[in-house]
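Me: Hello! I would like a close look at one part of this chain, and I will start with a single residue.

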Amino acid sequence: MSLATLDTTQHPNLPASSATLFSAKAQKQLSFEQIGQHIGRNEVAAAAIFYGQAKASPEDIQNLSSLLSIPHETLKAQLEGFPDRGRSVEMPPKEPLIYRLYEIVQNYGYAYKAVLNEKFGDGIMSAISFSTKVEKETDEQGNNWAVITLRGKWLPFSRF
């Protein structure tokens, strides 16, 4: 199994916690799925903590400290603050896989918007009251397919 690692020279805007967490992850040879299971979170949510894109709860900090053998006080000091979401990726993104996700929104964003507005009315899908998951499907010919589910609470625009 190949594991996601971090080259900090490629990501200069990540918080100090990212280097700490990724180093311990590599040392322990753990996948985000395994880490997520241990801390009681979805694997994408666990990875978001590693990239500084999600706030770690006190329980997350305790569980990560235990699992990754990182001193609790070190992790607490690095993860206690609020995330600075969105800083780590320049726009448009250069990394091909992230660019493809961006490209999906470029190509289908207005189509998604039109269909969502028809189904739900005037509003937006929350990225705060939100969950996501990644699954792998293999078809009859042996081709692998990535299935990404985005689930966000619908927030109607209010009139004022």
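Is M1 buried or exposed?

Reply: Happy to help! This is a predicted model, in which local features need pLDDT of at least 70 and side-chain atom pairs count only at pLDDT 80 or more, while totals for chains, interfaces and linings use all residues. Residues are numbered from 1 along each chain as its sequence is written, and side-chain values use heavy atoms, with hydrogens and water left out.

M1 is exposed, with a relative accessible area of 76%; exposed means over 50%, buried under 20%, and partly exposed in between, using a 1.4 Å probe and protein chains only. M1 sits in the segment before helix α1 (16–28), where helices are DSSP runs of H or I with at least four residues, strands are E runs of at least two, and both are numbered from the N terminus. Setting aside neighbours within four places in sequence, M1 is in contact with S31 and Q34; contact means heavy atoms within 4.5 Å. From the C-alpha atom of M1 to that of Q78, 77 residues apart along the chain, the separation is 29 Å.

For the wider setting, the domain assignment gives domain 1 (8–79) and domain 2 (96–156), with bounds that come from an automatic or database assignment. The C-alpha centres of these two domains lie 26 Å apart.

As a companion to M1, take S126, which is found in strand β1 (residues 123–138). S126 counts as buried, at 4% relative accessibility. Not counting residues up to four places away in sequence, S126 touches G152, K153 and L155. The side chain of S126 also reaches the backbone nitrogen of S129 at 2.7 Å.

Note on methods
A polar contact is a pair of N or O atoms within 3.5 Å; within protein, one must be able to donate a hydrogen and the other to accept it, and residues adjacent in sequence count only if both atoms are side-chain atoms.
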